[in-house]
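Work through the exercises below with the sequence and the coordinates open. Each task is followed by a solution in steps.

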Amino acid sequence: MDKLRMIGGTPLHGEVLIAGAKNAALPILCASLLSAEPIELENVPDLQDVRTMLKILQQMGVTVSFPEPTKRSRIILQAAHIPRPEATYEMVKTMRASILVLGPLLARMHSAKVSLPGGCAIGARPVDQHIKGLKAMGASIKIKGGYIQAQAERLLGATILTDMITVTGTENLLMAACLAQGTTILENAAREPEVGDLAELLVKMGAQISGLGTERLVIEGVERLHGAQHTIIPDRIEAGTFLCAVAATGGEILVKHCRPDNLEALLAKLREAGLKMAIGPDWIKASMAGRPQAVSFATSEYPAFPTDMQAQFMVLNALASGSATMTETIFENRFMHVQELNRLGAEIAIDGNTAMAQGVESLSGAIVMATDLRASASLVIAGLAAQGETQVERIYHLDRGYDRMEQKLTQLGANIQRMK
Ligand code: EPZ
C-alpha cells in the first residue's frame, strides 16, 4: 500500500488549479443511463472513484470514450443499450456512491439489481430514503442476498418528503423523476451545489425541473431525454482543503478555477481563523502569517459549514491559540482522524458528536494512518504543518477523492513524496 512521506514546517507558495467536483461527477456519470444519446463531459476529475464508476457503467453496457486520449478530463458516455442493468457487490463495496445507478436504471430500464452498499468508516450510511422514495414512485423493491432488486413498469410521479436531507438520495430520486409519468415533488431536497450541477445537466437533456437551489424540487416527467454537453463545476472541497493547508502551514497561495460563491460558510470561518483572502469570480488569493485563531463550528447541510471540511479545519484548531469545539451533525462516526492527530501532538478530546481542541504551539511528525477520504486530507495538512517527518499510511483513501494531491502540494513548495 502507498504512503505519503513529508517533512513539515515549510510555508506554501504558488498557484493551484482545482479539478472538477468528485461529488458532481459521480451522479452526472450515472445520468448518462437516462438517455440513449451521447453525454459529453468536460472537467471530469481523474480520481479513483471516477474510474470505479466508469467501470461499473461499462459493465452495464455504457460505452465510454476519451476523445483526446491524453486528456482524461473529457469523456463521452453513451448508454444506447444496457444489457446488464446491474451493479455487483465487488464494485459497490469499493464505492458507496454506486447506489446512484439505481434511480436512472429503474427509470430507463424499469429494472435494476444493485448491491446494497456496506457501511463505511464514517457511519452506517443506510439508503432507506432512496428506497422509500422509489417505492413512493411505484417501484417494487426487495432486498435479497445483499442486493436491491427493483422493478417498475413505469415510475409514477409522487410527492416525497425524506426523513432527513440526503444528497445522493435527492440525486437518485431527481434522476428517477425525470422519466416518471406525471409530477414529482421532492420536499426537503438537498441544496448542495453538486445537486444543482446534476440538475443543470438533466435540464440540458430535456428534463423539466423547477425549484433549483431550493429545498423543494418539482419535476414534470418526460418520455425520453436526449444527449447533452456539460462542464462539471470545480470541487469546492478540494479548494477548501488547499485553503486549510495554507492556513495551517502559513505562506500565500492562489487557488484558481474554483467557485468562491459555493464556499461562503467555510470562507467566513477561515477569515475568523486569521486567513487573509482576496476573492475573485473563479479564484481566491489566500495568505497566512502566525498561528490560527481558534474557531468553533458545527457541520450542517449546505449552505452551512460542510461536513466534508470538518477534518481539514480541525488541524487549524489543533494549532490555534485558544480552544474550540467542533460538532459533527451529519455522520455518527466522522472523528477517526482525532486519534491520529493526537499522535502528532494535538490535544483533542471527543464528547459524543463534539470534538474539543486545546491548541498547541506546534505538532511533531509521526507515522499515522488514514481511515477515510477527508481524514487522510486532514493528516496530510497536519504533516505539512508539523515539525519533522510524518508518514501517512493507507493513502488509497486520499486517491479516491483527490486528483494528484502530492504533485499539487509539491508545486506549492511542500516537501512531500509518495512511497510504495
Ligand atoms: C454525500 O454522501 C457525499 N458523497 C458525501 O461526501 C458527503 O459527506 C455527504 O453527501 C453529506 O454532504 C457524494 O455525494 C458521493 P447523505 P451521502 O445521504 O449522499 C443519512 C466525501 O467525502 N441517510 O447526505 O451518502 C446518512 O447516514 C463524501 O466526498 C440515511 O439515514 O450523504 C447521513 O447521516 C463523504 N438514510 C445523513 O443522512 C438515507 O437513505 C446525510 O447523508 C440516506 C442518508
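## Exercise 1: a loop aspartate

Asp235, at 5% relative accessibility, counts as buried, because the cut-off for buried is under 20%. The model is a predicted one.

Task: Find which element pair flanks Asp235, and which residues Asp235 touches beyond its sequence neighbours.

Solution. Step 1: Asp235 sits in the loop that runs between β14 and α8. Step 2: setting aside residues up to four places away in sequence, Asp235 touches Ile18, Ala19, Gly20, Ala21 and Lys22. Step 3: for a distance across the fold, take Asn262, which is 27 residues from Asp235 in sequence; the two C-alpha atoms are 9.5 Å apart.

## Exercise 2: the largest cavity

Task: State how many cavities of 30 Å³ or more there are, and what lines the largest cavity.

Solution. Step 1: the count is four cavities of 30 Å³ or more. Step 2: the volume of the largest cavity is about 60 Å³. Step 3: its lining consists of Ala21, Lys22, Asn23, Glu194, Asp235, Arg236, Ile237, Asp308 and Arg374. Step 4: α1 and α8 are the elements that give two or more residues to this lining. Step 5: sorted by class, the lining of the largest cavity has six charged residues, two nonpolar and one polar. Asp235 from the previous exercise is one of the lining residues.

## Exercise 3: helix α7

Task: Check the length of α7 against the expected rise per residue, then say which of its residues are buried and what covers them.

Solution. Step 1: α7 covers residues 193-204, which is twelve residues. Step 2: the expected span is 1.5 Å times one less than the number of residues, so α7 should span 16 Å. Step 3: the end C-alpha atoms of α7 are 17 Å apart, which agrees. Step 4: the buried residues in α7 are Pro193, Glu194, Val195, Asp197, Leu198, Ala199, Leu201 and Leu202. Step 5: to read that list, recall that residues three or four places apart in an α-helix point the same way, because there are 3.6 residues a turn. Step 6: the cover over the buried residues of α7 includes α1, β3, α6, β12, β14 and α8. Step 7: after α7 comes Gly206, with a positive phi near 110°.

## Exercise 4: helix α5

Task: Identify the buried residues of α5 and the elements they pack against.

Solution. Step 1: Gln129, His130, Ile131, Gly133 and Leu134 are buried in α5. Step 2: the buried residues of α5 pack against α4, β8, β9, β10 and α6. Step 3: just after α5, the phi of Gly138 is positive, about 100°.

## Exercise 5: cysteines

Task: Give the number of disulfides and explain why Cys244 is in none.

Solution. Step 1: the count of disulfides is zero. Step 2: Cys178 is in no disulfide, and the nearest cysteine sulfur, in Cys30, lies 13 Å away. Step 3: the closest cysteine sulfur to that of Cys244 belongs to Cys258, and at 13 Å it is too far for a bond, because a disulfide needs the sulfur atoms within 2.5 Å. Step 4: Cys178 has 0% relative accessibility and therefore counts as buried. Cys244 likewise has 0% relative accessibility and counts as buried.

## Exercise 6: backbone exceptions

Task: Which residues other than glycine have a positive phi, and where is a cis peptide bond found?

Solution. Step 1: start from the general case, in which most residues other than glycine have a negative phi and most peptide bonds are trans. Step 2: His110 has a positive phi of about 65°; His110 is in the loop between α4 and β7 and is partly exposed at 30%. Step 3: Arg394 has a positive phi near 60°; Arg394 lies in the loop between β23 and α13 and is partly exposed at 34%. Step 4: the bond from Tyr302 to Pro303 is cis, with omega near 10°. Pro303 is in the loop between β18 and α10.

Methods:
Residues numbered from 1 in each chain as written. Predicted model: local features only at pLDDT ≥ 70, side-chain atom pairs only at ≥ 80, totals over all residues. Heavy atoms only, no water. Helix = DSSP H or I, 4+ residues; strand = E, 2+ residues; numbered from the N terminus. Buried < 20%, exposed > 50% of the residue type's maximum accessible area, 1.4 Å probe, protein only. Contact = heavy atoms within 4.5 Å. 1 Å grid on protein atoms, 1.4 Å probe; cavity = no way out; pocket = protein on both sides within 12 Å on 5 of 7 lines; lining within 4 Å. Points joined across faces, edges and corners; volume = space filled by probe spheres on them. Nonpolar A, V, L, I, M, F, W, Y, C, P; charged D, E, K, R; others polar.
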